[in-house]
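Reader: Could you take me through one small part of this model at close range? I would like to know what sits on the surface there and how the strands around that spot are put together.

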Amino acid sequence: MDRGTRKRRAGLHLLCGLLLSVIFTGCENNTTDSNVTAATGNRIYYSIRETAVPDPDEDLRRELGENTEVLEQFVILEGETLYRISQCWTIDESSEIGMTSLRYCIQTLRQPYQKWNSEQVAHGKGILTDILGIGEGVIDFLTYDHSGYFVSQWREGTGELDLFPEERLEDTSENTKLCRNIEGGYFAYEIFGNSVIMLDEGFQIQETRTLGPETLIYGVVQEPENGVLYWYGMRSQVFGFWRMADGAAILSESQLTDGVDTMSCQVQSTRKGDFYLADCQHLWLLTEGAEPVKLLDFLDRGYLLEDVYSMTIKEDGGLLMLAKLEGRNFLLELKESERSDDFQDIVLATTNLPNSGLRMLISHFNRQSDRYHITILEPEKDEDWSEFIQKLQLELAAGRGPDIYSEELINVEEMARNGYLQSLEGILEDNEDYWAAALDCGIVDNIRYGIPGECMIWLAAYSQDLTGSRSSWTLQEMMDAVRDSDVKMLQRGVDGCRLVVVYGLYDVSNKDYIDWEAGKSHLSEKPFLELLEFAREYADVGKYRTAVFEEMLKKGEIAAENDGLFGVESLSGLNYLEACYDGRVSVIGYPRAEGNGIYVDPHMFYLSAASDKRDGAEEFFRFLLTEESQRAYAEFLMIQSSDISSYPIEARFPVRLSALDRLVEVKQAEKETAYLTEKYGIRYQSKGSTKEQVERFRFIIENAMPIDARIEQVVDIVYEELEPYFQGIRTAEEAAEILHNRVQLFLDERN
């Protein structure tokens, strides 16, 4: 819990501008509004309707039986119908190969997108390798068998695949994309190839168009009115979009300020001759002869799309997208619309949400609210943080800035006392389900200013051989126990300065060092000098190699392990701590004069006194801490930690006790794996939690307390003045006297 680990920084930081662009919002079968700016500068308003695609396997397994294995091959959106093609294998445990009876299942999902219709198709005419084209109730497939590639056709209701035509296709491979064009013929290209082949209705080659030696084709799209073909991909190592006939560039990557995620890139032509270009981060409108217009910025707006599968233009001109979000498929429908006059865009300033699960909650809030929207404002990708802070200070001086601050941007106590923050008293209902220690971190001078969204926990664990039967201990008790033992190092990775701060000064109830209530420093007196001597003797100064860590732990030569439990996967970290001490682990935390040194470190949000968006901010804060939101947060993070999502998420702890209970239930239900995980030479089970481990976790939760924000204001001073002592440049008395004078000056100014 040193300066590099803790998040709060001194200074008052306010943001210098509002990044206002469209947000792709919505919830299951819910319509909300958002806006974009066209190239002309006119505002265009859109409503986004988001519909969760029902699980296609739920009904299918009931129909085919629980002993059926389903392997999805294609999911594609054509018009307003969703098609899914899967291989279905019957599992036969008596068979040597385990699986027999291969069938195909073709499923369709039409409005109102509530129930899949399925049709089984007998296998026997080859393996379906690609979709060539889809009509109403008809799908043409590229099919492969031992003799080569051919075309087969499925008509809804027949349960059969018909060959069409009978002849095999020449010059076709597994990378071939064969597409039906609007004239009735076909065109083919190799993915990552450089040529397009035009074929007639009988698949006879009419023309081959080679696009150049430095060309890689990602996709080909046809304009629906006149049939003109366009391709997108790489030319001379630059992504772009070109007209095939004459090579005219419609788009060059240099025109897209944020680049393109080519792995998820999809292009769709409009009836007006324009094109939509979408990836997991952005949606662009492309018009020949004009600069591209960025309609949506998914990632910057907290909308964590994991994949974009396909797009289509509806009959009414709206755009319909099939995308993956939070491990599920959704249909996203974009239409021009009117936005309510009282709509509020609430700006939340932060530097600490790059991969946080809080982005998921913010996205959920935006999608369920038709009046308020949270815009996340962060430093630009390559922006220097010091310059970012300077801009914030200019905004503050001008009386402007964001509505909500994330805690790492501000000195909370100073801002609250100087009137820069609004009191949030009365926002939260009196509910025993709140984790009180987390809520208390937002209180200054007995007034609530902050609302937590997620938490970490800081603690130290020891061997019961060292702690005995204690359920807590004071600093003096810990130092005496260490000196009477074989301990050579207090904790791996904890240097002298960090030892003093975490094991000594974080206990603000210990008035031997700093009496915060009286505003008196005692850092030049005997108790603190004794702490300095202890820290010098037992600090980790790099004397021992990591390779001997396990051996030293087993011999009792290292007293403590583990700085923190950071969230969902940290429950398995208790397995690691247990393995460190052969099952005899004590999680009583850092020493304190009263209670346990187990500290809750929440991610807090504060409302600016200058904000006129209090109603929306209050609704957002309440939403963050509803039981539904907190349980969704916990369950979402557990899904993320199992690698279902392509986005790595920092899985912190929820703030509701019921959500913590849910997390424990899931971890307890995990089956122990046959393999062990290793950390610093310690081998332990990474899955499953025993009854004893759960009891330890509940002890941690029940005995945790808030970190006192006051100590954060002197941590930098402590490091600056004590490092010369631990380097041998100053004596303990000299370092302590200088530190005492600086801290006393700070206390005098503070009071």
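Author: Happy to! Ile191, Phe192 and Leu216 make up a nonpolar surface patch with about 260 Å² of accessible area together. Such patches take residues with over 30% relative accessible area and no salt bridge (a side-chain nitrogen of Lys or Arg within 4 Å of a carboxyl oxygen of Asp or Glu), with nonpolar side chains joined within 5 Å; areas are Shrake-Rupley values with a 1.4 Å probe.

This is a predicted model, where local features need pLDDT of at least 70, side-chain atom pairs count only at pLDDT 80 or more, and totals for chains, interfaces and linings use all residues. Residues are numbered from 1 along each chain as its sequence is written, and side-chain values use heavy atoms, leaving out hydrogens and water.

Leu216 belongs to strand E15 (residues 215-222), strands being DSSP runs of at least two residues, numbered from the N terminus. At 36% relative accessible area, Leu216 is partly exposed, the class between buried (under 20%) and exposed (over 50%).

Phe192 has a positive phi near 70° in the hairpin of E12 and E13, where four residues lie between the strands. E12 (residues 186-190) and E13 (residues 195-199) run antiparallel, joined by four bridges; pairing takes at least two DSSP bridges. Within this pair, Tyr189 has Val196 of E13 as its bridge partner.

Val196 also leads onward, with Arg209 as its bridge partner in E14. Five bridges join E13 to the antiparallel strand E14 (residues 205-210). Their hairpin has five residues between the strands, and there Phe203 takes a positive phi near 65°.

Key
Patch = residues over 30% accessible without salt bridge, like charges linked within 9 Å, V, L, I, M, F, W, Y side chains within 5 Å. Buried < 20%, exposed > 50% of the residue type's maximum accessible area, 1.4 Å probe, protein only.
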